[in-house]
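Open the model in your viewer and keep the selection panel at hand. The stops below go chain by chain.

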Amino acid sequence: MPFAAFVLLAVVGPLRRTGRGAGALSIAAVVISFVAALRIWTLGLVGERTWGWIPADGGPIATVGVLVDPLSNVMLVLVTLVSLLVQIYSLAYLSDERPAALGRYYTYQSLFVFSMLGLVLAPGFLQMFVFWELVGLCSYLLIGFWYERPAAARAAVKAFWITKLGDVGFIIGIVLLWSATGTFEFSELFEKAQDQTLMIPGLATIMFLIYLGAVGKSAQFPLHVWLPDAMEGPTPVSALIHAATMVTAGVFMVTRAEPLFALVPEVLTVIAWVGAFTALLAATMACVEGDIKRVLAYSTVSQLGYMMAAAGAGASPAGFLHLLTHGLFKALLFLAAGAVIHAVGTNDIFRMGGLFRAMPHTAIVFVIGTLALAGVPPLAGFYSKEAVLGGVWEAHLTGPFLMLALTALLTAFYMFRVVFATFFGRAHAGGHPHEAPWLMRGPLWILAALTILAGIRLALSGAEAHDEAPAWLPPFSVGLALFGFVLAWAMYQRGAIDPARVASVLAPLDYLARRRYGLDALYAGLYRGFILGFSRLIGWIDRYFVDGILNALTALTLRAGDRLRGMQSGRAQDYVYGVAFGVLLLFVWAQLWRR
Amino acid sequence: MIGLSSYLVLAALVFSIGLFGVLTRRNAVGILLGIELMLNAVNINLVAFARFHGDLTGLIFTLFTISITVAEVAVGLAIVIAIFRVRRTVEADRLDLLRG
């Protein structure tokens, strides 16, 4: 259905220019898919249908199709739900845009929802890759939605290229896997994985290459630099693509291919370490960031690190659970942040303040989201985060466990730092902040309610789910969250601890985090030094060597033509003389030939 | 009795004289005359072969050649006159508009 909406919006220009009409159409399409997804989920349908795609002698090489299993069921519901709420929210958030731009926005949104559903339903690596690229394209288009702003355009290009870096690994891995096994299908690959016939040499390399795709898409270290910049796009886009759905595609893929990854424990260990390191790194950067959306972006990177660490520790159900709950409350946080930005007109948390009185609804849902993210029971984030920590502990990965625990502490700290700076304290904002319209408040409350409900449901059903985790873990993680909360409270609310003093104590770390550990600069330097240098070299060769050959050839032709021109006297008699002489020569030649 | 080869030698001589005229005459009318000589050499050949082989086809063919030659001369003289009107000369050496 979203695909139909996309085609309709892309082809029928006048409809797109109406803006709100395009939005209504797109929302209607998503509503239908949401209802369908909900139905599939509640009925618990499981099945697979494929159609041949690339024909070959011995049956089709690749197939397209639909794979419905519990994993994709839940993901379907999440994707359609969040996109539905986000699209409704955008109607109010982007109401100042020109109708044509709004129509364009909804066109892209429809395409994105379609691609994401295709990715989730993909029964094989090839189809997954196609939709994987499509969501990447939509991400690029939507980050650059305000393409008049140079920063947005640059961020879009950056996001595109950096995720492409990972995708190169992904497709090489897919093709290698195909050439080794002859199939793209998950089901066949899993069968082979089960009866031990997949133990081909180089499997670790292949799986690592496939994992690289997830590194790019899910913004893992060292390819995480695009996600914070992607915040140049409209806030609902950040909520949908860069928090709830697309960036989790990498985690989804690793979860989907879990039987394959399980065959190569060394790659899993790498995944866990990289995930935990990403989580910690991003959390420290979030602590010094002043832009509310960028804080959330770093926190997304950090939570993605959590999920990856869980997947790497062999606890992919925990990672997937965290994916779902994170999708809910991070979308909530982003949308609430969007409401704040909409009201105040700035992204800087230190120029906000005291907004609780002006916009109580937004403040309350934001606090709910923050509590969930910080991992406070009985909200959704607590159980999933605890499951992740328990899973990593179970896998005896002490290093990643410690990093993740530290991250949990930092998460609570930086989130409450935002809360205190934005909603409490003295009012800084010059204008008159106002509560968001109901079109924006509605989705916020729905997401907040779902965050609480999911937590309660997990609390009721999840008792047996993580009894393998040590008993001291829940109090431990709650304690970490509380400590972070108290720290933030003391620093930004009471003023008992001066933030500047802390910064000076931790000066090197602060300096590095503010400079994003120099990674952005490193990439920029690499880009300038290496790629541009290489292009210049190629350009020089092209200009002076390849072009030189061509120039020499043309000069030669011209000069030869000049010489030969002299033969054309223009006198008919000369030509006749030539013909007669030629005939004579032919005669002589024929005589000699006969002998 | 004069043999076939004598006719052929005569035709070859006439042809060579005609070719020489075409190549060396500077006057366009002279070049046309040379072409006439070359064509008539061919006619001599055709008649001689017809006579010695007892085949009338050559004679009939010669009649065609003669009539076509007449037409050719008419067209050629018309062209020469047209050139003279435009260039005020019929000197073949100076008709070199096509020089590269």
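**Start with chain B**

In chain B, residues 24 or more positions apart account for 46% of the contacts with a separation of 6 or more. This is a predicted model.

Colour chain B by secondary structure. There are 3 helices and 0 strands. From the N terminus, the elements run α-α-α. Now colour by burial. Of the 100 residues in chain B, 9% are buried.

Select Phe49(B). Phe49(B) sits in helix H2 (residues 28–53) of chain B. Is Phe49(B) buried or exposed? Neither: 15 C-beta neighbours lie inside 10 Å, so Phe49(B) counts as partly exposed, since burial takes 20 or more and exposure 12 or fewer. Add Leu4(B) to the selection. Phe49(B) and Leu4(B) are 45 residues apart in sequence, yet their C-alpha atoms are 7.6 Å apart in space.

Next, go to Arg88(B). Arg88(B) is in the segment after helix H3 (57–87) of chain B. Check the backbone here: phi is positive, about 60°, although Arg88(B) is not a glycine. Arg88(B) is exposed, because 8 other C-beta atoms lie within 10 Å.

**Cross to chain A**

Show both chains and select the contact residues. 10 residues of chain B are in contact with 10 residues of chain A. On the chain B side, the touching residues comprise 6 nonpolar, 1 polar and 3 charged.

**Confidence in chain A**

Colour chain A by pLDDT. The average is 73, and 71% of the residues score at least 70. Which elements mark the lowest and the highest mean pLDDT? Helix H2 (residues 13–17) of chain A has the lowest, at 50, and helix H26 (residues 572–594) of chain A the highest, at 85. Then select residues 463–467 of chain A. Here pLDDT stays under 50, and the model has 4 contacts beyond four places in sequence.

**Two helices to compare**

Stay with H26(A). Its 23 residues should span 33 Å at 1.5 Å a residue, and the end C-alpha atoms are 33 Å apart, which agrees. H26(A) is hardly covered: 0 of its 23 residues are buried.

Now select helix H6 (residues 125–143) of chain A. For its 19 residues the expected span is 27 Å at 1.5 Å a residue; the end C-alpha atoms lie 26 Å apart, which agrees. In H6(A), 14 of the 19 residues are buried, so this helix is largely enclosed by the rest of the structure.

**Around Phe170(A)**

Pick Phe170(A), in helix H7 (residues 150–181) of chain A. Why does Phe170(A) count as buried? Because 27 other C-beta atoms lie within 10 Å, and the cut-off is 20 or more.

Show the contacts of Phe170(A). Leaving aside neighbours within four places in sequence, Phe170(A) is in contact with Phe129(A), Leu209(A), Ile210(A), Leu212(A) and Gly213(A). Add Tyr211(A) as well. Phe170(A) and Tyr211(A) are 41 residues apart in sequence and 6.8 Å apart in space, C-alpha to C-alpha.

**Last stop: the nonpolar core**

Select the largest nonpolar core, with 174 residues. Which members touch the most other members? They are Ala309(A), Ala331(A), Leu332(A) and Val392(A). Helix H16 (residues 316–344) of chain A gives the most to this core, with 17 residues.

Finish on Val392(A). Not counting residues up to four places away in sequence, Val392(A) touches Ala272(A), Ala309(A), Ala310(A), Ala313(A), Ala315(A), Leu397(A), Pro400(A), Phe401(A) and Leu404(A).

Conventions:
Residues are numbered from 1 along each chain as its sequence is written. Chains are lettered from A and ligands numbered from 1 in the order in which they are written. This is a predicted model: local features need pLDDT of at least 70, side-chain atom pairs count only at pLDDT 80 or more; totals for chains, interfaces and linings use all residues. pLDDT is the predictor's confidence in each residue, from 0 to 100. Helices (H or I, at least four residues) and strands (E, at least two) are DSSP runs, numbered from the N terminus. Two residues are in contact if their C-beta atoms, placed from the backbone, lie within 7 Å. Ala, Val, Leu, Ile, Met, Phe, Trp, Tyr, Cys and Pro count as nonpolar, Asp, Glu, Lys and Arg as charged, and the others, Gly among them, as polar. A nonpolar core is a set of buried Ala, Val, Leu, Ile, Met, Phe, Trp, Tyr and Cys residues joined through C-beta atoms within 7 Å. The expected span of a helix is 1.5 Å times one less than its number of residues.
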